[in-house]
Amino acid sequence: MFIGILYAAVAGAFWGLVFVGPLLLPDYPAAWLAVGRYLAFGLIALPLALLDQGELRRLRRADWIEALKLSAVGNFVYYVCLAAAIQRAGGPLPTMIIGTLPVVIALTANRRNARRDGRLPWRRLVVPLLLIALGVACVNQAEIGALQASSPAGLARYASGAALAVAAVVCWTWYPLRNADWLRAHPERSPRAWATAQGLVTLPLAAAGAVVLALAAPWLTPGYALPLGPRPPVFVALMAAIGLFASWLGTLCWNQASQRLPTAIAGQLIVFETVAALGYAFALRGEMPALPSLAGIALLIAGVVFAARIRPEPAQA
């Protein structure tokens with residue numbers, strides 16, 4: 001349990017980096033950010049595949065199809081929605097909405113996977129889920145006040161960003177549940193090889209996406225400087241860093257956690273991503289978190305600690 005929680009915390013620290021990219025590259029369309037990130041992920045996975053070639057050969061056609069589905073939904077669709085949401089609504093609002101993932105995944109998994117993982121008692125889930133919800137509310141108190149004071153045009157843009165963030169939540173509720181299904185059904189398989197497999201199938205998807213975006217650039221993104229945009233060195237360096245740390249290493253650590261933890265508990269540990277993203281956002285602003293933000297982070301961590309102490313009970317037939 002402790003090792004699984006540690007892996008989930010490291011995965012969250014890496015995944016928090018994905019919130020930084022759209023803020024540092026506001027002049028890049030969200031689709032190009034997704035293509036750049038996953039081209040980097042796929043290229044990084046190529047040499048890593050040599051380390052796991054024996055394990056990768058054991059994967060059947062159905063396994064590769066599952067990896068393709070996971071990459072398409074959990075990588076491309078999720079990150080396009082998230083990046084567009086951040087660019088339209090700023091960092092705090094999407095972080096608040098993504099911060100509901102631990103609650104959404106825990107509730108979904110507790111109904112969906114009770115036979116396999118056991119059922120976490122609902123009465124004992126109330127306290128940690130309430131702490132997590134209060135923490136998210138505290139952290140975003142100032143930003144919500146700013147939203148209420150925005151102009152109607154600003155509110156419309158924020159609303160579209162919120163809708164995109166909700167779509168990202170749907171994608172990332174589906175992804176960890178399906179990914180955990182495969183990992184728990186194949187306990188003898190290497191989580192590292194499974195992360196690399198997802199990177200390998202991501203490469204052709206990203207390449208095809210780049211071709212489509214380049215052909216459609218005159219209509220979708222007029223004036224965009226093909227192929228690397230207005231700031232090529234920054235774009236390449238940032239995409240490479242996110243591809244390595246957030247995509248491959250983050251997926252590897254999450255796979256390790258998913259093999260060790262019940263899905264309902266693992267889902268709540270995605271809260272580490274929210275904490276990391278908020279920390280990076282405050283670092284970019286060059287300011288210390290205000291007291292409500294510090295209280296919110298403490299509540300988030302307390303909720304995770306309470307949740308991790310809950311042991312599943314066997315589900316009744």
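The largest nonpolar core of this predicted model has 84 residues, and those with the most contacts inside it are Leu 33, Tyr 78, Tyr 79, Leu 82, Ile 98 and Trp 194. A nonpolar core here is a set of buried Ala, Val, Leu, Ile, Met, Phe, Trp, Tyr and Cys residues joined through side-chain atoms within 4.5 Å. Helix α5 (residues 61-89) gives this core its largest share, 12 residues. A second, separate core has 6 residues, including Leu 120, Leu 125, Leu 129 and Ile 265.

A word on conventions. Residues are numbered from 1 along each chain as its sequence is written. Since this is a predicted model, local features need pLDDT of at least 70 and side-chain atom pairs count only at pLDDT 80 or more, while totals for chains, interfaces and linings use all residues; side-chain values use heavy atoms, with hydrogens and water left out.

Now for the overall fold. The protein has 16 helices and 0 strands, where helices (H or I, at least four residues) and strands (E, at least two) are DSSP runs numbered from the N terminus. Its radius of gyration is 19 Å, which agrees with the value near 20 Å for a compact globule of 317 residues; the radius is taken over C-alpha atoms, and the globule rule is 2.2 Å times the number of residues to the power 0.38. Along the principal axes, the C-alpha atoms fill a box of roughly 60 × 55 × 30 Å. Of contacts (heavy atoms within 4.5 Å) between residues at least 6 apart in sequence, 91% join residues at least 24 apart.

Buried residues make up 51% of the 317 residues. Buried means under 20% relative accessible area, exposed over 50%, and partly exposed in between (1.4 Å probe, protein chains only). The accessible surface comes to about 13,800 Å², of which 70% belongs to carbon and sulfur atoms; areas come from the Shrake-Rupley method with a 1.4 Å probe, and for residues only the protein chains shown count as cover.

Next, let us visit some individual residues. The contacts in the table leave aside neighbours within four places in sequence.

| Residue | Relative accessible area | Contacts |
|---|---|---|
| Trp 174 | 29%, partly exposed | Lys 69, Leu 70 and Val 73 |
| Thr 173 | 10%, buried | Leu 101, Val 104, Ile 105 and Thr 108 |
| Ser 190 | 19%, buried | Asp 52 and Glu 55 |
| Arg 124 | 43%, partly exposed | Arg 309 and Ile 310 |

Trp 174 is placed in helix α11 (residues 152-185), and Thr 173 is found in α11 too. The C-alpha atoms of Thr 173 and Gly 74, 99 residues apart along the chain, are separated by 9.0 Å. Trp 174 and Glu 55 are 119 residues apart in sequence and 25 Å apart in space, C-alpha to C-alpha.

Ser 190 sits in the loop between α11 and α12 (191-220). Within α12 (191-220) comes Trp 194, one of the core residues named at the start. Not counting residues up to four places away in sequence, Trp 194 touches Leu 59, Asp 63, Glu 66, Ala 67, Leu 70, Asn 179, Trp 182, Leu 183 and Asn 255.

Arg 124 belongs to helix α9 (residues 122-139). Its C-alpha lies 45 Å from that of Gly 209, with their positions 85 residues apart in sequence.
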